[in-house]
Amino acid sequence: MNRLANGEPKGNLSRRIIEIKGIVQGVGFRPFIFQIAKRYGLHGWVLNTSGGVLIEVEGEEESLHAFLDDLTMQLPPLARIETISVIEAEAAGYQDFKIRQSQAQLGEYISISPDVGTCAGCQRELMDITDHRYGYPFINCTNCGPRFSIITDIPYDRQYTSMQHFQMCDTCAQEYEDPDDRRFHAQPNACAQCGPLLNFIGGTPLQVINGDVIKLTVHALQEGKIVAVKGLGGFHLACDAADETAVTKLRLRKHRYGKAMAVMMKDLEQLARYCELSAAEEKLLMSPRRPIVILQQRKGAKLAPSVTQGLPTLGVMLPYTPLHFLLLANYQQPLVMTSGNISEEPLVSSNVEALEKLGGIADCFLMHNRDVINKIDDSLTRVIASREAVIRRARGYAPEPMLLPEQLPEILGCGPEQKNTFCLTRDNHAFVSQHIGDLDNLPTLEYYERMIAFYKQIFRINPRIVAYDLHPAYLSTQYAKSIGNVQLLGVQHHHAHIVSCMLENGITDQVIGIACDGTGFGTDGNLWGGEFLLADYRSFTRLGHFKYVRMPGGEKAIKEPYRMAYGYLYSLFGKGANAFPKYIESIEADELLLMEQQMYKHLYAPLTSSCARLFDAVSAIINIARIARYEGEAAIRLESIIDERVIDYYDFDLQEYILNPAPILQGVYDDLENDIAPSTIAAKFHNTLTNAITKVCREISNLTGVKKVCLSGGVFQNAYLLKGLVKHLTKEGFRVFWQQKVPANDGGISLGQVMIAHYNVSK
Ligand code: ZN
Ligand code: ZN
Ligand code: FE
């Protein structure tokens, strides 16, 4: 019913100028607009700008209304509108509807879509023998495929991606140009005639081996070989997850001894044979973000024991690139797919780097010639209390912005030392970076600095305010201080944890902040980590904390929980520590003497109020984990053995908001002496913390009237503790908030930092 086409006078028509911001590029937004414009016979144009999407559309009033309704109600699956402005204007006399050339505007910016797992449509075509792209490992469309990992700049157009070197063939070009095609302006569009291709490198010495690359890979895996597989954000190291020899070999070569490895399963059906699965977990696994989800293993699941090193949980992901689908469809068995890196360095992402760095680990290489521009790890999440809690926020999530409750100036939050992320703000957006890693090696530090520069460039942010952690030795702190010409603000670690939790939950008033954490630098110079705060965006009052104890050997006590146990016993019982013979006798005599001196003389024995260290101590006393081979191992093992039927708990001592765990340790030890099962002790210990923290909240609330509680810090990755607290506190009338979108661990610190800086520097 196009009246213009029917020759109606132009005067009956009107025009709308529409500006949309949000995730509207690389998600099929323009063809979507094109199609609804056509549906209602409207004329005009749509284009990508550096700031979003601009539309001019004209026609009858009624059709314009229908257009706007469809525009907001029928969005493509990955699109997200944050703001939309509509201006009325006189008709301009457009004769058709066009998708115009993208416009770059100085200083404008746009949200960039994270990478998206292969959609159902592409999966079907991939496996359809009659399809043009049958078996093509780089199939994608406007709804799926690489995004953030391949871009060099905005707007998101092919010329600003690593696809710029591939000239589309006629078939691909036709799809790309056709607004009715589901690959219309799909920037990474390609096929076997024109796009990226796989190659296989194997043998001794390593050489390119010709043949069916997928078959060669499958064969290598069957032989128990380790294959470096180039994925979306970098390389994986893959081997058969049921092959104990292969998994052990991978661990030895990678020097990764303790930490569980992630497994990729072919599909939900295969997965169900190995793991328990709730509806929420299934939804998460199948989501386009395709994270690794931590699941409970089924009893008797036949994976190599070395995959999880005895833990009852397993990190699982489903295929998320066409290459993964092809590989798993041909291999049929679960594959270990662990990060392709050496020790704690960032992921390896280029072919040259892979041969150089992974040469000592992998037997062969499954590579391709589409470059990874921005390396990005797999994301790791867990369902706690029926909701997703992100533990490592990376592929599929970053760089999607967090929406802030108010407009912020351009601020950089440098983040902490471990599990670093940084955060940049502009308007009401907080761009929390992907997981960067531990900033204790040069390659990670370089990755950190490169990514800060990249985020500044693509989001057009030039921060004049920089927030950093109070810990003077953190490399992120030193980085902040090396930036000239900015206003600097040091932010206390646990204040940042709590504000991070407030922000993602949209809380703007004062809260009771319970930070249960590893260690973070306190304003008194001690290592905090079990903090009871009254906090808002601007400041906090430390009303109480876990009682200070000494850590014999400092940092060393973190890696060796048996030291922490001694630190607790000696700090809380003094000479009375000898009343714990079953534990004391397990330590070498000279070691004991050394620790005693450190404690007595206060040498290399800093004070800490860390909650995570109490977990360490308990794990060591009951001999669950005397040594931590990776960060948090002792606590993870303690949680993993809990007997959930146990409702009993230990005594605790809370005075003036100081929690003295002496009665808890006494109770744990007595149970140990009485041969009570470790699974019971673990449950009682967790139940005790739930009771103690609930009491803390009750007392603070009585004092202040505050009824909102924010729970943050790495300890709250513990599902049992978090669930228990949410239940208890809710029952007592509190509103309880915890971290879901950004990690409760130090990956969430940078988000808190920027808001605190805003309130202290720019407001
Ligand atoms: Zn697709
Ligand atoms: Zn092609
Ligand atoms: Fe922390």
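**Salt bridges, metal sites and backbone features of a predicted model**

Glu125, Arg133, Glu175, Arg182 and Arg183 are joined by salt bridges into one network. The model in which this network appears is a predicted one. Within the network, Glu175 pairs with Arg183, and the closest N and O atoms of the two are 4.0 Å apart. Both partners, Glu175 and Arg183, are buried.

Across the whole structure, the search for such pairs returns 39 salt bridges. One of them brings together the side chains of Glu400 and Arg80, with an N to O distance of 2.6 Å. Glu400 sits in the loop between β16 (387–392) and β17 (402–408), while Arg80 belongs to strand β4 (residues 80–90), so this salt bridge ties together parts that are 320 residues apart in sequence. The two partners can also be described by their accessibility. Glu400 counts as buried because its relative accessibility is 14%, under the 20% limit for that class. Arg80, at 28% relative accessibility, counts as partly exposed. Another salt bridge links the side chains of Asp96 and Lys98, at 3.1 Å from N to O. Here Asp96 is partly exposed at 34% relative accessibility, and Lys98 is partly exposed at 46%.

Turning to the overall fold, the protein contains 23 helices and 30 strands. Its radius of gyration is 28 Å, close to the 27 Å expected from the globule rule for 763 residues, so the protein is as compact as a globular protein of that length. Along the principal axes, the C-alpha atoms fill a box of roughly 100 × 65 × 50 Å. Of the 763 residues, 61% count as buried. Contacts between residues at least 6 apart in sequence were also examined, and 72% of these join residues at least 24 apart. The accessible surface amounts to about 29,100 Å², and carbon and sulfur atoms account for 50% of that area.

Next come the metal sites. The zinc ion (ligand 2) is held by the SG atoms of Cys169, Cys172, Cys191 and Cys194, at 2.2 to 2.4 Å. What makes the arrangement of the four donor atoms tetrahedral? The angles that they subtend around the zinc ion are 102 to 118°, and four donors count as tetrahedral if all angles lie between 85 and 135 degrees. Along the chain, the donor residues of this zinc ion follow the spacing C-x2-C-x18-C-x2-C. Cys172 lies in helix α4 (residues 170–177) and Cys191 in the loop between α4 and β6 (198–202), so this pair ties together parts that are 19 residues apart in sequence. Cys172 counts as buried, at 0% relative accessibility, and Cys191 likewise counts as buried at 0%.

The iron ion (ligand 3) is coordinated by NE2 of His493, NE2 of His497, two OD contributions from Asp517 and OD of Asp746, at 2.0 to 2.7 Å. The donor residues of the iron ion are spaced H-x3-H-x19-D-x228-D in sequence. Distant parts of the chain are linked here: His493 is in helix α13 (residues 493–504) and Asp746 is in the loop between β30 (735–738) and α23 (749–762), 253 residues apart. His493 and Asp746 are both buried.

Several backbone features deserve a friendly pointer as well. The peptide bond from Thr204 to Pro205 is cis, with omega near -10°, and Pro205 is found in the loop between β6 and β7 (207–208). Ala398 and Pro399 are also joined by a cis peptide bond, where omega is about 5°; Pro399 lies in the loop between β16 and β17. Ser386 is not a glycine, yet its phi is positive, at about 65°. Ser386 is placed in the loop between β15 (380–384) and β16 and is exposed, with a relative accessible area of 62%. Arg460, again not a glycine, has a positive phi of about 55°. This arginine, Arg460, is in the loop between α11 (442–458) and β20 (465–469) and counts as partly exposed at 23% relative accessibility.

Finally, Arg626 occupies the loop between α18 (611–621) and α19 (633–640). Arg626 is partly exposed, its relative accessible area being 23%. Beyond its neighbours within four places in sequence, Arg626 contacts Glu560, Pro561, Tyr562, Tyr583, Ser586, Ile587 and Ala620. Arg626 and Ala565 are 61 residues apart along the chain, and their C-alpha atoms are separated by 9.0 Å.

Definitions and conventions: Residues are numbered from 1 along each chain as its sequence is written. Chains are lettered from A and ligands numbered from 1 in the order in which they are written. This is a predicted model: local features need pLDDT of at least 70, side-chain atom pairs count only at pLDDT 80 or more; totals for chains, interfaces and linings use all residues. Side-chain values use heavy atoms; hydrogens and water are left out. Donors are N, O and S atoms within 2.8 Å of the metal (3.2 Å for Na, K and Ca); water is not among the atoms, so sites may look incomplete. Four donors count as tetrahedral if all angles lie between 85 and 135 degrees; four count as square planar and six as octahedral if opposite donors are over 155 degrees apart and all others between 65 and 115; anything else is irregular. Helices (H or I, at least four residues) and strands (E, at least two) are DSSP runs, numbered from the N terminus. Buried means under 20% relative accessible area, exposed over 50%, partly exposed in between (1.4 Å probe, protein chains only). The radius of gyration is taken over C-alpha atoms; the globule rule is 2.2 Å times the number of residues to the power 0.38. Contact means heavy atoms within 4.5 Å. Accessible areas come from the Shrake-Rupley method with a 1.4 Å probe; for residues, only the protein chains shown count as cover.
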